[in-house]
Amino acid sequence: MTASTTGGGTPATCVTANNYAHMAAGRAHVSGGYAYTNGGNQNMGLYNVFVTHTVRQTGPDSWELADGAC
């Protein structure tokens with residue numbers, strides 16, 4: 001699911017998916033069995049298909065956690 005927000009400037013792209021899908025799509029990376037957002041390096045929890053988060057694009061290859069904010 002992809003959504004855009006409004007409020008001036010360039011609309012933010014938000015994506016909700018499991019950690020495996022975020023990593024496969026290039027929105028996250030894995031280190032030590034945990035998924036981290038690309039750019040923001042925020043811990044998203046275990047790297048698997050059971051943990052789901054929403055992330056918001058903040059730059060060309062930069063994402064931040066946005067659970068409940070998009």
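The following exercises concern the architecture, disulfide, core and surface of a predicted model.

Local features require pLDDT of at least 70 and side-chain atom pairs pLDDT 80 or more, whereas totals for chains, interfaces and linings use all residues. Residues are numbered from 1 along each chain as its sequence is written, and side-chain values use heavy atoms, without hydrogens and water.

**Exercise 1. Architecture**

Determine which pattern the helix and strands of the protein chain follow along the sequence.

Solution. Step 1: Helices (H or I, at least four residues) and strands (E, at least two) are taken as DSSP runs, numbered from the N terminus. Step 2: The protein chain contains one helix and seven strands. Step 3: Their order along the sequence is β-β-α-β-β-β-β-β.

**Exercise 2. The disulfide**

Identify which cysteines form a disulfide, and establish the handedness of the bond.

Solution. Step 1: A disulfide is a pair of cysteine sulfur atoms within 2.5 Å; the whole structure holds one. Step 2: The partners are Cys-14 and Cys-70, with sulfur atoms 1.8 Å apart. Step 3: This pair links distant parts of the chain, 56 residues apart: Cys-14 lies in strand E2 (residues 13-18) and Cys-70 in the segment after strand E7 (62-65). Step 4: The torsion about the S-S bond of Cys-14 and Cys-70 is about -50°, so the disulfide is left-handed. Step 5: Buried means under 20% relative accessible area, exposed over 50%, and partly exposed in between (1.4 Å probe, protein chains only). Cys-14, at 3%, is therefore buried, while Cys-70, at 42%, is partly exposed.

**Exercise 3. The core**

State which residues make up the largest nonpolar core.

Solution. Step 1: Such a core is a set of buried Ala, Val, Leu, Ile, Met, Phe, Trp, Tyr and Cys residues joined through side-chain atoms within 4.5 Å. Step 2: The largest has six residues: Val-15, Ala-28, Ala-35, Met-44, Val-55 and Trp-63. Step 3: Beyond its neighbours within four places in sequence, Val-55 is in contact (heavy atoms within 4.5 Å) with residues including Val-15, Met-44 and Trp-63, as well as Cys-14.

**Exercise 4. Two loop residues**

Decide whether Val-49 and Phe-50 are exposed or partly exposed.

Solution. Step 1: Val-49 sits in the loop between strand E5 (43-46) and strand E6 (52-59), and Phe-50 is found in the loop between E5 and E6. Step 2: Val-49 has 46% relative accessibility and therefore counts as partly exposed. Step 3: Phe-50, with a relative accessible area of 73%, is exposed.
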